[in-house]
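Please look over the sequence and the model shown here before reading on.

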Amino acid sequence: MHFAAGIEDRLFTPARIRLTAWYVGVLTAVLVVLGTALYLAVREQLLNGVDNGIHQVAQRATEQWIQQGQIDVSALSTGPYTVTLLSPNELTTFSRPGHPHYDPASLKAAYREGSDTRYAGRSGDRQRVYSTRVLQNGDMALIQVERSVEPEHEALGKLLAGLLIGGAGGIVLAGIGGWFLAGKSLAPVRVAFARQHAFVSDASHELRTPLAVIRANAEFLQQEQPDNAEARDIVNETDRLSALVDALLAVARGQKHVDEHLETIDLSGLIETAATAFQPLAAENGLELSAATADDIAVRGDREQLRQVIVILLDNAVRYTAEGGRVHVQARRDGGSAIVTVHDTGVGIGEQELERVFERFYRADEARNRQSGGVGLGLAIARELVTRHGGRISVESTEGAGSTFTIQLPADRGSG
Ligand code: ADP
């Protein structure tokens with residue numbers, strides 16, 4: 001069993017990359033959503049805790065003011081809290097070194113609106129300030145409680161760093177794991193592909209010999225009894241079967257990577273040679289076959305495969321053109337491309353069938369085609385080979401008037 005590593009890698013590596021990318025993408029999305037939700041929930045929780053503490057201190061200060069007409073600012077300013085009292089007679093604030101005393105703007109807002117909660121401080125959001133207006137016997141006082149939210153911000157910063165580092169690590173690990181898993185899940189497909197490939201190749205090979213023997217015997221019979229219709233049928237059907245086997249073998253063989261036999265090819269020379277080889281058959285069918293190729297059109301590729309493409313197109317053109325028709329093959333350079341056209345004045349292809357002629361085993365108008373001896377694989381092989389060379393193949397046709405097949409290949413940069 002031989003493995004065609006080139007084509008397999010080209011088929012399976014993109015699939016593996018796509019699977020891994022999906023895996024990583026989905027995991028990243030999940031991590032981002034979960035991480036954001038976690039961060040926001042923790043933040044909310046921490047800042048709510050800050051506000052609750054501040055409100056409790058303010059509540060105690062308010063009670064002292066209402067009961068005693070004064071506030072022990074120093075006693076209330078415990079832990080992270082700083083209490084400030086602005087009464088008709090005094091402004092008392094607890095003073096800590098390097099700490100802002102109080103926030104006048106918040107006091108003003110509480111004076112106007114009854115209470116005020118805001119962030120203050122030098123960097124704008126590092127002090128939480130709550131101010132409230134208290135009335136006692138017609139006397140109004142403003143009480144302000146402030147505390148730093150630096151510890152909360154520090155904790156949130158650490159959480160964010162942890163989430164980012166953990167998330168990035170998780171994504172990298174997911175990428176490695178995903179690559180490995182994708183490789184594992186594609187492995188059976190790879191093996192099946194290689195087996196099927198080897199099977200087609202081996203089976204075609206094995207079928208060739210018995211077919212050759214059958215044909216030789218039938219031909220012998222035919223020579224002995226020229227009027228034997230059965231013998232003639234056997235020869236014809238064996239030819240059809242041989243063509244099918246050859247095509248299958250070509251498909252299986254062709255799946256080897258083109259890089260293996262890469263060389264610079266004189267496309268004009270290759271076409272001229274192929275056209276010359278078809279002259280006798282064209283003459284026999286009463287067709288005029290001509291070729292016009294520009295000099296020096298070079299492409300990089302596999303000579304045998306490109307020759308096969310031209311042969312398939314010429315063979316079709318000759319087969320599907322009636323006596324008295326013309327077949328013309330042309331090659332030219334157009335910018336960075338080499339363009340080959342094979343034009344015939346044959347039966348043409350119906351509009352609905354145009355799309356499908358490149359499909360495997362597709363044969364337009366089966367009844368009409370039966371005697372032409374093809375099996376519907378030629379154009380599928382041609383397209384496969386052209387695509388492998390980085391090119392494109394297309395067809396234009398008018399039923400009853402003729403067809404033009406066009407191949408576009410990347411020209412070799414050294415030529416032209
Ligand atoms: P086949 O072995 O039948 O020729 P191909 O894949 O080469 O298989 O072609 C598929 C079908 O496309 C053919 O059966 C035929 O109907 C149509 N076709 C191909 N080339 C031509 C052409 N030059 N003129 C008209 N019909 C064509």
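The report below takes up the ligand site and then a sheet with its helix.

## Basis of the report

This is a predicted model, in which local features need pLDDT of at least 70 and side-chain atom pairs count only at pLDDT 80 or more, while totals for chains, interfaces and linings use all residues. Residues are numbered from 1 along each chain as its sequence is written, and side-chain values use heavy atoms, with hydrogens and water left out.

## The ligand and its shell

Around the ligand stand 22 residues (each with a heavy atom within 4 Å of it), and the closest are Asn316, Tyr320, Asp344, Arg363 and Leu379. By class, this shell has eleven nonpolar, seven polar and four charged residues, where Ala, Val, Leu, Ile, Met, Phe, Trp, Tyr, Cys and Pro count as nonpolar, Asp, Glu, Lys and Arg as charged, and the others, Gly among them, as polar. Helix α7 (303-319) gives the most to the shell, with three residues.

Oxygen atoms of the ligand lie 2.8 Å from a polar side-chain atom of Tyr320 and 2.8 Å from a polar backbone atom of Leu379. The protein buries 98% of the 530 Å² that the ligand exposes when taken alone (areas by the Shrake-Rupley method with a 1.4 Å probe).

## A sheet and a helix

Five strands form an open antiparallel sheet in the order β2-β1-β5-β4-β3, whose edge strands, β2 (91-93) and β3 (115-120), each pair on one side only (pairing needs at least two DSSP bridges). Six bridges join β3 to β4 (residues 127-136), and Ala120 stands opposite Gln127 in β4.

Note on methods: Polar contact = N/O pair within 3.5 Å; in protein donor to acceptor, adjacent residues only side chain to side chain. Helix = DSSP H or I, 4+ residues; strand = E, 2+ residues; numbered from the N terminus.
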